[in-house]
Amino acid sequence: MSDPLESTTGIALAEPPTPAAAAPPSPAAFDPRFAPEEPWRFAPVYPFPRLELVSGKGARVVDRTGRSYLDFVSGIAVNALGHCPPVVTRAIARQARELVHCSNLFANRPAVRLAEALATATGYPRVFFCNSGTEAIEAALKFARARASQRPGRDVVAFRGGFHGRTAFALATTWQPSYREPFEPLVPGVRFGDYNDVAGLDALFDNRVAAVIVEPVQGEAGAIPATAEFLAAVRAKATAVGAALIFDEVQSGMGRCGRLLAQEHYAVRGDLTVLSKALGGGMPLGAVLMTEDVARTLTPGMHGCTFGGNPLVTTAGLAVLDRVSRPATLSRVRSRSRELLRGLAAIVSRHPSVALARGLGLLTAIELAPDAPFDPPALVRACREHGLLVVRGGDRAVRLLPPLVVTSQEIAEALERLEAAIASLETPRPTAGEVG
Ligand code: PLP
């Protein structure tokens, strides 16, 4: 294990705080696979220290001790083409030698080409580029309010369980109270309804509603797909009161659900659709797709973004979109999805601690039974010990988000590791007296 105070930058690191001032060391602090400096050096907004990854190829990553894992997190649905896909790495290396950044005071060809490719692939004629999911949601909500400038109200409808990001407006539409409450007051005017509750929509919509924001599949809540009736009813209500429908496809879009946009499964279109995560192939890129009707109300200077759509990230976006929008890629995602969901259902049938499996495409999850003898973080840890990376979703679920290029063999391997991890938690460990 390397010395935790050794600097890889050549800059001498200060001593960590005295033990009295530092967080109490967790067992993970002594795990050679974890980055030992993190508890002292980073803002404590993540659980530190974390497993330190050093390289990746396809669906596999390697930690600092050289151990390999099957990666069913994919950077939280970012690495759609797996780790370091040559088609992306070659494209960005080439572009980095030409022009990396020039600001939105100037046009750049990769951004123009990506805007055109997105319009052709999705049918939304206009786009605004930025750097992340939350920024793109922020922009979409602002655009929807701008569109409603002549209306009696500017309220926004959002849904319980929804996650839309961490900046003020996106956070105001995010359900999880523990994410919102430390930062209130946020942007006012947001009303929450129950996801998939068609009957409840009547009470939510009136002519003061400017926008409704919804995920076709709630990702962070644990891969919960909307029902077709619900999305159709949301569209109808939005149209009836003149509100803009914003589809948050930050997680569900870019082929993850087996169609380029998850909304295609439902044959319901938004006025705005937000993409990020997979779009940049690991580079920070967000996009707000919109109709001409929405774009019409925007004017120069109303919104902007220094880095948004720079030539480097849009080059990556073009390479990803080209691969992900191919019918063969999407059909392969649907086939792998059937294998994964079938395997997860089989695990449910064999393990009473797992209540159900669900998802759409390769946005999938298992939900633990209320009386399971372990919780989702314990299962995430056990999976890691079995060489499989997964991520929590909602209060009781664990998500599996393999790259879209995952093979049948890798899915079978992941299912085996997941089941072994579950079995290890279901079997009580023998106490000292029981051994031998
Ligand atoms: N919307 C959805 C559906 C998401 O899943 C996320 C992130 O997980 C976001 C928005 C926010 O994206 P970002 O973390 O890039 O700001």
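**Sheet, hairpins, helix α14 and the ligand shell**

Strands β1 and β2 form a hairpin with two residues between them, and G58, in the turn, has a positive phi of about 60°. The model described here is a predicted one. Within this hairpin the two strands run antiparallel and are joined by four bridges. A convenient place to see the pairing is L53, which stands opposite D63 in β2. Strand β2 covers residues 60–63.

The chain then turns once more. Strands β2 and β3 are also antiparallel, here with three bridges between them, and V61 has Y69 of β3 as its bridge partner. Four residues lie between the strands of this hairpin, and G66 takes a positive phi near 95°.

These strands belong to an open sheet of four, in the order β1-β2-β3-β15, with mixed pairing. Its edges are β1 and β15, each with a single partner strand, so one side of each is left without a neighbour in the sheet. The parallel part of the pairing is found between β3 and β15, over two bridges. There, D71 has L389 in β15 as its bridge partner. As general background, strands of a sheet pair through backbone hydrogen bonds, either parallel or antiparallel.

A further hairpin is built from β13 (residues 354–360) and β14 (residues 363–368), which pair in the antiparallel sense over six bridges. L360 stands opposite L363 in β14. Two residues separate the strands, and G361 takes a positive phi near 60°.

Helix α14 connects several of these elements through its packing. The helix spans residues 408–426, 19 residues in total, and reaches 27 Å from its first C-alpha to its last, close to the 27 Å expected at 1.5 Å a residue. Its buried residues are E410, I411, A414, R417, L418, A421, I422 and L425. Viewed down the axis of α14, the buried residues fall within an arc of 135°, so they line one face of the helix. On the other side of α14, S408 and Q409 are exposed. The packing partners of the buried residues are β3 (68–71), α12 (327–350), β13, α13 (376–385) and β15 (388–389). Both β3 and β15 are members of the four-stranded sheet, while β13 is a strand of the hairpin with β14.

Some backbone details of the loops deserve a look. The loop between α1 and β1 holds P49, and the peptide bond from F48 to P49 is cis, with omega near -10°. Y46 is found in the loop between α1 (38–41) and β1 (53–57). This tyrosine is exposed, with 9 other C-beta atoms within 10 Å. From Y46 to P32 the C-alpha to C-alpha distance is 19 Å, for a separation of 14 residues in sequence. Another cis peptide bond leads from E184 to P185, with omega near 5°; P185 is found in the loop between α7 (177–180) and β6 (190–193).

Positive phi values also occur at residues that are not glycine. S103 has a positive phi of about 75° and sits in the loop between α3 (86–96) and α4 (109–122). With 12 C-beta neighbours inside 10 Å, S103 counts as exposed, because the cut-off for that class is 12 or fewer. K277 has a positive phi near 35° and is placed in the loop between β11 (272–275) and β12 (286–290). With 26 C-beta neighbours inside 10 Å, K277 counts as buried, because that class begins at 20.

Finally, the ligand. Its surroundings comprise 15 residues, of which the closest are G133, T134, G165, V250 and Q251. Helix α5 (residues 133–147) supplies the largest share of this shell, three residues. By class, the shell contains four nonpolar, eight polar and three charged residues.

Conventions
Residues numbered from 1 in each chain as written. Predicted model: local features only at pLDDT ≥ 70, side-chain atom pairs only at ≥ 80, totals over all residues. Near = placed C-beta within 6 Å. Nonpolar A, V, L, I, M, F, W, Y, C, P; charged D, E, K, R; others polar. Pairing = 2+ DSSP bridges. Expected span 1.5 Å × (residues − 1). Arc of directions from axis to C-beta. Contact = placed C-beta atoms within 7 Å.
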